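Biologist: I would like to learn how to read a structure from its computed geometry, with each term defined before it is applied. Could we go through it step by step?

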Amino acid sequence: LTEETSFTFNMPSDNTIYTAKYEINKELLPFDFTSTATKLTILGIKDKAVSNIIVPDCVTSIEKGVFSDCNNLKSITIPFVGATKNGTRNTHFGYIFGASSSSANSSSVPTSLREVVITSGTSIDYYAFNGCSSLTSIEIPSGVTSIGREAFDGCSSLTSIEIPSSVTSIGSSAFSGCSSLTSMILPFVGSSANATSASSSTLLGYIFGTSSYTGGVSTEQRYRIGSSSIYYIPSSLKNVTITGGKIFYGAFYNCSNVTSIEITSSVTSIGNSAFYGCSKLTSIEIPNSVTSIGDSAF
């Protein structure tokens, strides 16, 4: 694969016959594909009995159902989620297994599949992994900037997730139904790295399904919204690491199952009642970067 159109080399003095040859990139040997200098499309896989698939980063698109009937598959590494690297169509994970929509992820993705590694791309679209209940591990690369609403909804076997600091927005209910989560690393609490004031979208529970509201609510209403998020946050979630942003009003309100919260040196402020009711929290370290701690924070 090259964008070059000409090559220069020195001819020897003796008469010599030169034959142009090429060989397939070894990473592509398992696949049937078509390519140009700038595009490479996976058309099929030669051995559907494989337990591990690694799709190289040079691939720009994958045809629908290419990996259907790979019923022994345990892990897959992909450069993007869905059909194309630019993420403009068919952005659900199940597409490469034959799913026409995200609602068919659950019936199309092999139940044997446990691990997914994503190596590039800039977004994980809404409903991308919806219903992928057998996955235990999903690795998100640095460079992804957004995660859509309900992106991991129903990933009930997922035990941990690390959201890279490159992500600046996470959609509502992105992790709803992730009932086995025990630990999370988040670049901020809530929906956005750019939040400027407290709202339901700055609560931990927002990404698990806490309902949104628009301004002007009283302290009591904010507390009730915070409390309602506990219904959505999985009781299995024990460890949370926050790598940036601000921790706003009531962010962890009544998160009584969480036992460990790590705050990194990128966090600058902790709001009122931020950790109110975190009754199982036994210790916490506030970094020097924090310049203000609100009333009743603990």
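Modeller: What follows is a walk from the overall fold to the sheets, the core and the aromatic rings.

Biologist: What should I know about the model and its numbering before I begin?

Modeller: This is a predicted model, in which local features need pLDDT of at least 70 and side-chain atom pairs count only at pLDDT 80 or more, whereas totals for chains, interfaces and linings use all residues. Residues are numbered from 1 along each chain as its sequence is written, and side-chain values use heavy atoms, with hydrogens and water left out.

Biologist: How many helices and strands does the protein have?

Modeller: Helices (H or I, at least four residues) and strands (E, at least two) are DSSP runs, numbered from the N terminus. By that rule the protein has 2 helices and 17 strands, and its C-alpha trace spans about 90 × 45 × 35 Å along the principal axes. Taking contact to mean heavy atoms within 4.5 Å, 36% of the contacts between residues at least 6 apart in sequence join residues at least 24 apart.

Biologist: How do I read a sheet, and which strands stand at the edges in the one that holds β16?

Modeller: Strands of a sheet pair through backbone hydrogen bonds, either parallel or antiparallel. Here two strands count as paired if DSSP finds at least two bridges between them. One open sheet of 3 strands has the order β14-β16-β17, with parallel pairing; β14 (245–247) and β17 stand at its edges, each with a single partner strand, so one side of each is left without a neighbour in the sheet. Between β16 and β17 there are 2 bridges, and Ile270 stands opposite Ile293 in β17. Another open sheet of 3 strands, also with parallel pairing, has the order β7-β9-β11, and its edge strands are β7 and β11 (169–170). In that sheet 2 bridges join β9 to β11, with Ile170 in β11 as the bridge partner of Ile147.

Biologist: Where do the side chains of β15 point?

Modeller: In a regular strand the side chains alternate between the two faces of the sheet. For burial, the cut-offs are under 20% relative accessible area for buried, over 50% for exposed and partly exposed in between (1.4 Å probe, protein chains only). Along β15, Ile261 and Ile263 point to one face and are buried, while Ser260 and Glu262 point to the other and are not. This strand pairs with β13 in the parallel sense over 4 bridges, and Glu262 is the bridge partner of Thr241. For contrast, Glu285, in the loop between β16 and β17 (292–293), is exposed, with a relative accessible area of 66%.

Biologist: Which residues touch the most other members of the largest nonpolar core?

Modeller: In soluble globular proteins, nonpolar side chains tend to be buried together. A nonpolar core is defined as a set of buried Ala, Val, Leu, Ile, Met, Phe, Trp, Tyr and Cys residues joined through side-chain atoms within 4.5 Å. The largest one has 74 residues, and Phe67, Ile76, Phe93, Phe129, Phe152, Phe175 and Phe252 touch the most other members. The elements that give two or more residues to this core include β2 (40–45), β5 (75–78) and β6 (115–118), with β2 giving the largest share, 3 residues. Buried residues make up 45% of the 298 residues in the protein.

Biologist: How are aromatic pairs classified, and how many does the search find?

Modeller: Rings of Phe, Tyr and Trp (its six-membered ring) pair if their centres lie within 6.5 Å; planes under 30 degrees apart count as stacked, over 60 as edge-to-face and the rest as tilted. The search of the whole structure finds 11 aromatic pairs. One of them, Phe93 with Phe97, is edge-to-face, at 5.5 Å centre to centre and 65° between the planes, and both residues are buried. Phe129 and Phe152 are stacked, at 5.4 Å and 10°; they lie in the loops between β7 (123–124) and β8 (137–139) and between β9 (146–147) and β10 (160–162), respectively, so the pair ties together parts that are 23 residues apart in sequence.

Biologist: What does the side chain of Asn105 lie beside?

Modeller: A polar atom of the Asn105 side chain lies 2.9 Å from the backbone nitrogen of Gly94. Asn105 is found in helix α1 (residues 105–108) and counts as buried, at 0% relative accessibility.

How values were computed: Polar contact = N/O pair within 3.5 Å; in protein donor to acceptor, adjacent residues only side chain to side chain.
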